Amino acid sequence: MSSDTLAKAPAAPDVPEHADSLRIVPQRRLGQWTAAVAVLVLLALAVNSVLRNEAFQWDVVADYFTSDAVLRGLWLTLWLTALVMVLGFALGTLLAAFRLSANPVLRTVSWGYVWLFRSIPILVQLLLWFNIGALYPQILGVKTVDLLGPVTVAIIGLTLHEAAYAAEVVRGGILSVDRGQIEAAQALGLSRWRRWWRIVLPQAMRSIVPPAGNMLIGTLKGTSIVSVIAVQDLLYSVQLVYHRTYQVIPLLMVATVWYTVVTSVLSVGQHHVERHYARGTGSGSTR
């Protein structure tokens with residue numbers, strides 16, 4: 001190496017004699033800690049206000065929380081939610097298959113169904129079904145008043161509504177599966193049923209479960225809307241009580257607490273189902 005090159009070489013930085021004893025000081029995050037303290041203070045004030053506010057009448061809440069009328073309404077809400085989700089996803093899966101079909105008629109019918117039922121508010125759908133007798137007084141010789149009671153109307157209206165959203169959830173999950181894996185399964189000679197059951201469905205469930213869990217929780221809370229057609233769900237049951245006792249706030253808190261409890265249980269279940277289907281992806285082991 002020439003002397004000119006050595007002259008142009010950068011000088012080595014000065015290293016302190018006691019470099020090993022230097023201490024790394026973490027960055028101070030004063031703003032974040034200040035915001036955290038402010039949030040905790042506001043949260044504590046809110047909780048204190050709720051617990052100490054006599055207008056909530058927590059003793060009345062405790063008295064009615066497990067009353068027969070409330071538990072009957074809760075049971076109706078739970079089985080209505082379960083039935084609507086099963087029927088909604090069954091119909092939604094069929095609509096998703098139509099949408100992914102090569103048949104243009106099936107694709108158009110599926111698209112039209114999803115477009116229509118996602119466009120009409122659920123309350124309007126329920127009221128239309130509840131008043132179906134104005135359009136069709138009789139169906140197959142049976143009066144619609146006798147055929148479609150409030151609970152039947154609630155099942156039909158909620159199922160048709162949920163099926164439109166379930167169809168898009170299922171379709172999105174299927175489309176998330178790499179096409180190359182399906183072609184590889186075809187090359188191995190797997191039957192169509194085994195391809196769907198062993199290859200497509202397990203991978204599609206990773207994309208289906210999170211929105212399906214959100215739909216389940218949304219359906220649970222959405223069933224409260226059937227109270228407008230006199231279905232005695234949880235909300236309607238507490239309404240019957242406070243119309244008699246005029247204790248509106250504590251009875252509404254009874255419904256609120258029950259919805260919160262059930263929603264929390266469903267959220268825990270959703271978490272475990274997501275972890276089950278996330279095995280082997282690296283995303284489920286860190287939760």
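The lining of the largest pocket is mostly a nonpolar affair, with 15 nonpolar residues set beside 3 polar and 3 charged ones. The model here is a predicted one, and the pocket in question has a volume of about 590 Å³. Of the 21 lining residues, those closest to the pocket centre are Leu 100, Ile 174, Arg 192, Trp 196 and Val 200. Four helices each give two or more residues to this lining: α4 (68–99), α8 (150–175), α9 (179–187) and α10 (192–222). The top contributor is α10, which supplies 8 residues.

Stepping back to the whole chain, the secondary structure comes to 12 helices and 2 strands. Along the sequence, six helices lead into the two strands, and another six helices follow them: α-α-α-α-α-α-β-β-α-α-α-α-α-α. Of the 287 residues in the chain, 32% are buried. The accessible surface adds up to about 18700 Å², and carbon and sulfur atoms account for 64% of that. As for how the chain meets itself, take the contacts between residues at least 6 apart in sequence: 73% of these join residues at least 24 apart.

Further along the chain from α10 comes the loop between α10 and α11, and this is where Thr 223 sits. Is Thr 223 buried or exposed? With a relative accessible area of 0%, Thr 223 is buried, because the cut-off for that label is under 20%. Leaving out residues up to four places away in sequence, Thr 223 touches Thr 77, Leu 80, Thr 81, Leu 158 and Asp 233.

Next comes α11 itself, a helix of 12 residues covering 234–245. From its first C-alpha to its last, α11 reaches 17 Å, close to the 16 Å expected at 1.5 Å a residue. The buried residues of α11 start with a run from Leu 234 and Leu 235 through Tyr 236, Ser 237, Val 238 and Gln 239, and they also include Val 241 and Tyr 242. What do these buried residues pack against? Their partners are α3 (58–65), α4 and α12 (248–277). Helix α4 thus turns up twice, as a partner for the buried residues of α11 and as one of the helices that line the largest pocket. Just past the end of α11, Tyr 246 takes a positive phi of about 65 degrees.

Note on methods:
Residues numbered from 1 in each chain as written. Predicted model: local features only at pLDDT ≥ 70, side-chain atom pairs only at ≥ 80, totals over all residues. Heavy atoms only, no water. Buried < 20%, exposed > 50% of the residue type's maximum accessible area, 1.4 Å probe, protein only. Contact = heavy atoms within 4.5 Å. Areas by Shrake-Rupley, 256 points an atom, 1.4 Å probe, with all protein chains shown as cover. 1 Å grid on protein atoms, 1.4 Å probe; cavity = no way out; pocket = protein on both sides within 12 Å on 5 of 7 lines; lining within 4 Å. Points joined across faces, edges and corners; volume = space filled by probe spheres on them. Nonpolar A, V, L, I, M, F, W, Y, C, P; charged D, E, K, R; others polar. Expected span 1.5 Å × (residues − 1).
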